[in-house]
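The following paragraphs lead the reader through one protein chain, from its confidence values to its sheet, its helices and its cores. Please keep the model in view while reading.

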Amino acid sequence: MSTSSDLLFSPFALGSLALPNRVVMAPLTRCRAGEGNVPTELNALYYEQRASAGFIVSEATQVSPEGVGYLRTPGIHTDEQVEGWRLVTGAIHRAGGRIFLQLWHVGRASHVSFQPGRQAPIAPSALAIRNAHAHTPEGTQPYSTPRALEAREIPGIVGQFAEGARRAKAAGFDGVEIHGANGYLIDQFLRDGANRRTDAYGGSVQNRSRFLLEVVEAVTGVFGADRVGLRVSPTSPYNDMSDSNPVELFGHVAAEVSARKLVYLHVVEPLAAGAQGAAARVTPALRERFRGALIANGGYTLEAAEQALRAGAADLVSFGAPFLANPDLPERLARRAPLNPPDVATFYSEGPRGYTDYPRLGEAQRAAQLSA
């Protein structure tokens with residue numbers, strides 16, 4: 001069982017939300033949405049099974065048809081999608097859980113086959129993702145070259161995030177997380193490896209942060225800052241991303257969103273090699289500049305999570321693949337019980353296999369006894 005000194009299993013006040021523990025379920029794309037990218041009863045069951053998390057961040061959810069870059073990923077831009085998400089939030093709340101919706105626009109991480117009228121995807125600059133491929137309705141394809149957004153178009157994209165937040169509120173979510181990580185549209189504006197603009201949205205750190213901060217202000221205008229978080233990945237190369245000075249850039253971002261009183265900053269940064277539990281090199285700068293709750297993500301074990309919490313490097317820790325394979329992850333961690341291994345082959349497939357059929361602790365133990 002957990003010990004009285006385990007911080008990971010202690011309650012935490014996230015704004016006005018009372019969390020029973022500090023184990024956060026990270027957003028996990030699973031490609032299981034139904035026709036029209038509408039969540040279904042299967043999705044509701046998947047999330048309900050994991051309701052013992054301190055809180056759940058939903059899989060990335062596109063705010064517009066142009067924001068799609070993957071097969072069978074859910075949206076939050078139609079009435080049908082709102083109704084589908086109500087199945088999810090209702091199931092989680094009946095189980096005593098809490099869930100934030102992650103608002104997402106993929107930007108250049110798309111292909112013309114996903115885009116209305118087969119138009120080019122949008123991005124801050126007309127730079128295609130290199131050395132990677134999109135998984136499209138037409139099979140594996142190179143990413144399409146995007147077109148650079150004109151400045152006059154940007155308020156419309158900001159409005160899509162605000163509308164996504166309004167629809168998320170109508171769907172019953174407890175809050176929203178703005179997806180500013182992993183090489184998607186907001187991250188593309190932030191990092192100079194993808195943003196070559198020379199207008200008010202490019203060049204300086206302040207200019208490259210402008211789009212994100214406009215989204216933050218629009219979304220907090222809907223939900224209130226104490227129900228809005230932000231996810232960033234300062235050093236991740238995923239989707240052909242880079243930045244010349246991530247400490248300066250993301251330190252500025254952390255200070256600006258702190259001034260806007262976001263309830264949390266969710267930082268994706270792998271643990272430093274050879275220093276289990278120690279914060280990686282950018283995270284300490286963000287911790288210094290952000291006054292809200294900091295959620296750490298990046299391959300944490302129970303021991304590393306406890307160390308980060310005790311050192312004050314984070315307030316909560318999010319888990320991805322372990323939560324995917326262990327619907328009762330907080331209980332397993334508290335009991336120091338074995339974890340189910342994730343079935344990588346089913347991460348992005350269809351149906352319940354590798355989605356809702358992972359055994360809970362008691363079920364796994366009974367199965368082991370029967371096979372002994």
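Helices, here and below, are DSSP runs of H or I with at least four residues, and they are numbered from the N terminus. With that in hand, one local feature can be placed: just after helix H3, Gly172 takes a positive phi of about 95 degrees. Helix H2 offers a parallel case, since Gly96, which follows H2, has a positive phi near 85 degrees.

The structure is a predicted model, and its confidence deserves a word before the fold is described. The mean pLDDT of the chain is 94, and 94% of its residues reach 70 or more. Confidence is highest in strand E5, at 99, and lowest in helix H12 (residues 361–371), at a mean of 66. Over residues 273–278 the pLDDT is below 50, although this stretch has ten contacts in the model beyond near neighbours in sequence.

The account now turns to the sheet. Eight strands close into a barrel, in the order E3-E4-E5-E10-E11-E12-E13-E14, with parallel pairing. On average, neighbouring strands of this sheet are turned by 25 degrees against each other, direction ignored.

Strand E10 (residues 175–180) serves as a guide to the barrel. With strand E11 (residues 228–232), E10 pairs in the parallel sense over five bridges. E5 and E10 also run parallel, joined by four bridges. Individual residues show the register: Leu103 stands opposite Ile178 in E10, Ile178 in turn stands opposite Leu230 in E11, and Gly180 stands opposite Val232 in E11.

How many of the residues of E10 are buried? Six of its six residues are buried, and the strand is mostly covered. This burial extends to both faces: Gly175, Glu177 and His179 lie on one side, Val176, Ile178 and Gly180 lie on the other, and all are buried.

In the adjoining strand, Leu230 lies within E11. Leu230 counts as buried because its relative accessibility is 0%, and the cut-off for burial is under 20%. Setting aside residues up to four places away in sequence, Leu230 touches residues that include Glu177, Ile178 and Gly180 as well as Leu212, Val253, Tyr264 and His266. Leu230 and Ser258 are 28 residues apart in sequence, and their C-alpha atoms are 11 Å apart in space.

Helices pack against these strands. Helix H3 (residues 154–170) lies across E5 (99–104) and E10, and runs at about 155 degrees to E5. H3 has 17 residues and reaches 25 Å from its first C-alpha to its last, close to the expected 24 Å. Its buried residues are Ile154, Ile157, Val158, Phe161, Ala162, Gly164, Ala165, Arg167 and Ala168. They pack against H2, E5, strand E6 (122–123), E10, helix H4 (185–190) and H6.

Helix H2 (residues 79–94) has 16 residues and spans 23 Å between its first and last C-alpha, close to the 22 Å expected. Its buried residues include Val82, Trp85, Val88 and Ile92, and also Gln81 and Thr89. Among the elements that cover the buried residues of H2 are helix H1 (41–49), strand E4 (55–62), E5 and H3.

The nonpolar cores complete the view of the interior. The largest has 82 residues, and those with the most contacts inside it are Leu8, Phe211 and Phe319. Helix H6 (residues 210–223) gives the most to this core, with eight residues. A second, separate core has 13 residues, including Val24, Phe55, Val263 and Ile295. Leu8 itself, not counting residues up to four places away in sequence, touches among others Asn21, Arg22, Val23, Leu302, Leu309, Phe319 and Leu333.

A contrast to these covered positions is found in a loop. Pro137 lies between strand E7 (133–136) and strand E8 (139–142). Is Pro137 buried or exposed? Pro137 counts as exposed because its relative accessibility is 55%, and the cut-off for exposure is over 50%. Leaving aside neighbours within four places in sequence, Pro137 is nevertheless in contact with Leu71, Ser113 and Phe114. Of these contacts, Leu71 is 66 residues away in sequence from Pro137 and 7.2 Å away in space, C-alpha to C-alpha.

Methods:
Residues are numbered from 1 along each chain as its sequence is written. This is a predicted model: local features need pLDDT of at least 70, side-chain atom pairs count only at pLDDT 80 or more; totals for chains, interfaces and linings use all residues. Side-chain values use heavy atoms; hydrogens and water are left out. A nonpolar core is a set of buried Ala, Val, Leu, Ile, Met, Phe, Trp, Tyr and Cys residues joined through side-chain atoms within 4.5 Å. Buried means under 20% relative accessible area, exposed over 50%, partly exposed in between (1.4 Å probe, protein chains only). Helices (H or I, at least four residues) and strands (E, at least two) are DSSP runs, numbered from the N terminus. Contact means heavy atoms within 4.5 Å. Two strands pair if DSSP finds at least two bridges between them. Axes are lines fitted to C-alpha atoms, for helices over the stretch in contact, and angles run from 0 to 180 degrees between N-to-C directions. pLDDT is the predictor's confidence in each residue, from 0 to 100. The expected span of a helix is 1.5 Å times one less than its number of residues.
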